[in-house]
Amino acid sequence: TGSLFSQTYTLSGSVVNSESARPIPFATLYLVQQEKGTYANEEGKFIVTFDAAPDQLIISAVGYQSDTIMVNAANVEDLTIVLKPTDYVLETVEIIG
């Protein structure tokens with residue numbers, strides 16, 4: 001009989017704006033295989049533990065383009081994730097009263 005050993009990894013880092021390098025507070029980070037997520041704090045920093053690698057990490061924030069990266073045992077600490085701001089063009093709304 002064999003035994004299974006599960007290794008736990010700690011994923012940590014920060015999420016920043018591609019144009020200003022300023023932190024993006026409260027960005028959402030989601031590990032697809034683990035079905036586990038977390039939020040960055042007000043300084044854009046995050047930490048989450050997971051049991052298996054590799055996994056896809058989806059990063060999103062309001063006003064920014066989402067990104068997906070692969071994470072594995074070699075790149076789990078001190079990640080700097082860079083998101084690009086999105087340009088929203090709002091249509092003109094005419095109110096007649």
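**Exercise 1. Find which residues make the nonpolar surface patch, and place Ile-58.**

*Solution.* Start with the rule: patches are made of residues with over 30% relative accessible area and no salt bridge, where like charges are joined within 9 Å and nonpolar side chains (Val, Leu, Ile, Met, Phe, Trp, Tyr) within 5 Å. A salt bridge here is a side-chain nitrogen of Lys or Arg within 4 Å of a carboxyl oxygen of Asp or Glu. Accessible areas come from the Shrake-Rupley method with a 1.4 Å probe, and for residues only the protein chains shown count as cover.

Next, look for Tyr-30, Val-32 and Ile-58, which make a nonpolar patch of about 210 Å². Ile-58 sits in strand E5 (residues 55–60). Its relative accessible area is 31%, so Ile-58 is partly exposed; buried means under 20%, exposed over 50%, and partly exposed in between.

A word on the model: it is predicted, so local features need pLDDT of at least 70 and side-chain atom pairs count only at pLDDT 80 or more, while totals for chains, interfaces and linings use all residues. Residues are numbered from 1 along each chain as its sequence is written, and side-chain values use heavy atoms, with hydrogens and water left out.

**Exercise 2. Describe the strands and the overall dimensions of the protein chain.**

*Solution.* First, count elements: the protein chain has seven strands and zero helices, in the order β-β-β-β-β-β-β. Helices (H or I, at least four residues) and strands (E, at least two) are DSSP runs, numbered from the N terminus.

Second, take the dimensions. The C-alpha trace spans about 75 × 30 × 20 Å along its principal axes. The radius of gyration is 17 Å, whereas a compact globule of 97 residues would have one near 13 Å; the value is taken over C-alpha atoms, and the globule rule is 2.2 Å times the number of residues to the power 0.38.

Third, turn to burial: 28% of the 97 residues count as buried. The accessible surface comes to about 7000 Å², and carbon and sulfur atoms hold 51% of that.

**Exercise 3. Work out which kind of aromatic pair Tyr-9 and Phe-50 form.**

*Solution.* Rings of Phe, Tyr and Trp (its six-membered ring) pair if their centres lie within 6.5 Å; planes under 30 degrees apart count as stacked, over 60 as edge-to-face and the rest as tilted. This rule gives one aromatic pair. The ring centres of Tyr-9 and Phe-50 are 5.6 Å apart and the planes stand at 35°, so the pair is tilted. Because Tyr-9 lies in strand E1 (residues 9–17) and Phe-50 in strand E4 (residues 45–50), the pair ties together parts that are 41 residues apart in sequence. Tyr-9 is buried at 17% relative accessible area, and Phe-50 is buried at 0%.

**Exercise 4. Decide whether Leu-29 is buried or exposed, and list some of its contacts.**

*Solution.* Find Leu-29 in strand E2 (residues 28–31). With 2% relative accessibility, Leu-29 is buried. Leaving aside neighbours within four places in sequence, its contacts (heavy atoms within 4.5 Å) include Val-15, Tyr-39, Phe-46, Ile-58 and Ile-81.

**Exercise 5. Locate Phe-26 and Glu-35 and give the sign of phi for each.**

*Solution.* Most residues other than glycine have a negative phi. Phe-26, in the loop between E1 and E2, has a positive phi near 60°. Glu-35, in the loop between E2 and strand E3 (36–39), has a positive phi of about 50°. Phe-26 is exposed at 51% relative accessible area, and Glu-35 is exposed at 63%.

Technical notes
Buried means under 20% relative accessible area, exposed over 50%, partly exposed in between (1.4 Å probe, protein chains only).
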